[in-house]
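Reader: Got a minute to go through this one with me? I'd like to begin with a single side-chain contact and work outwards.

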Amino acid sequence: MNIPAMQISRFVYAGLIAACVLTAADAADPSAPAHINKELAPAYLAGSGSFRWFGLKIYDAQLWVGAQGYQSDAPEAHKFALDLRYARKLQGRKIAEASRDQMQKLGVGTTQQRADWQNKMEQIFPDVSDATHLTGVYLPQAGARFYLDSKVIGEITDPAFAQAFFAIWLDPRTTAPQLRTALLAEAAARR
């Protein structure tokens, strides 16, 4: 079968367009919140899941990563964001206490560090209600930045705190292993 040169060039052109479309589909997630895209430039959804306590939904969580992805063998290497969308009212003080308790269960930080961290979290974390978003951004070798519904509400400039805080969700010893698996779904799929 003899295909004219013009048709071949159309096939090549169509193939190039298809390749560009597929590459664009593999690009940053367009549903990433603007503040997360700004932090990670561009942001990719690594995974998502829900946290329930005795059957009650507490929040939905999304782990956002940059182009380097998330490496569980070196989680401190790259910036990432954890976005929690709450499903009920909670006091900021209680969120800080629960975070401290989870850090203690993981055995991270000293008693004094956890007390200091709780105090700093209480100063930053607001009371939340249904559909409130709290986002924590891991800043390698620097600490963590926190957002309330896309507005910066504070930073804790302590790398040890940041590692301990995000370990609550991402450490293999987490008390919510199913949520960890869901958050790391994309990272696991890329291996």
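Reader: OK, what does the side chain of Asp60 make a polar contact with?
Author: With the side chain of Ser50, at 2.4 Å. Bear in mind that this is a predicted model.

Reader: Sure. Which strand does Asp60 lie in?
Author: Strand β2, residues 56–65.

Reader: And what else does Asp60 touch, leaving out residues up to four places away in sequence?
Author: Besides Ser50, Asp60 touches Gly49, Asp83, Leu84 and Arg85.

Reader: Let's zoom out to the sheet. What's the strand order?
Author: The sheet is open, has 6 strands and runs β1-β2-β3-β4-β5-β6, with antiparallel pairing.

Reader: Why is one side of β1 and of β6 left without a neighbour in the sheet?
Author: β1 (44–53) and β6 (151–156) are at the edges and have a single partner strand each, so one side of each has no neighbour there. On average, neighbouring strands are turned by 20° against each other, ignoring direction.

Reader: Which helix packs on the sheet, touching β5 and β6?
Author: That's α4, residues 111–124, and its direction makes about 165° with that of β6.

Reader: How many bridges join β4 to β5?
Author: 6, with the two strands running antiparallel. Leu134 stands opposite Leu148 in β5.

Reader: Switching to pockets: what volume does the largest pocket have?
Author: About 620 Å³. It is lined by 27 residues, and Phe51, Tyr59, Ala98, Ser99 and Gln102 are the closest to its centre.

Reader: Which element gives the largest share of that lining?
Author: α3, with 8 residues. By class, the lining has 17 nonpolar, 6 polar and 4 charged residues.

Notes. Residues numbered from 1 in each chain as written. Predicted model: local features only at pLDDT ≥ 70, side-chain atom pairs only at ≥ 80, totals over all residues. Heavy atoms only, no water. Pairing = 2+ DSSP bridges. Helix = DSSP H or I, 4+ residues; strand = E, 2+ residues; numbered from the N terminus. Axes fitted to C-alpha atoms, helices over the stretch in contact; angles between N-to-C directions. Contact = heavy atoms within 4.5 Å. Polar contact = N/O pair within 3.5 Å; in protein donor to acceptor, adjacent residues only side chain to side chain. 1 Å grid on protein atoms, 1.4 Å probe; cavity = no way out; pocket = protein on both sides within 12 Å on 5 of 7 lines; lining within 4 Å. Points joined across faces, edges and corners; volume = space filled by probe spheres on them. Nonpolar A, V, L, I, M, F, W, Y, C, P; charged D, E, K, R; others polar.
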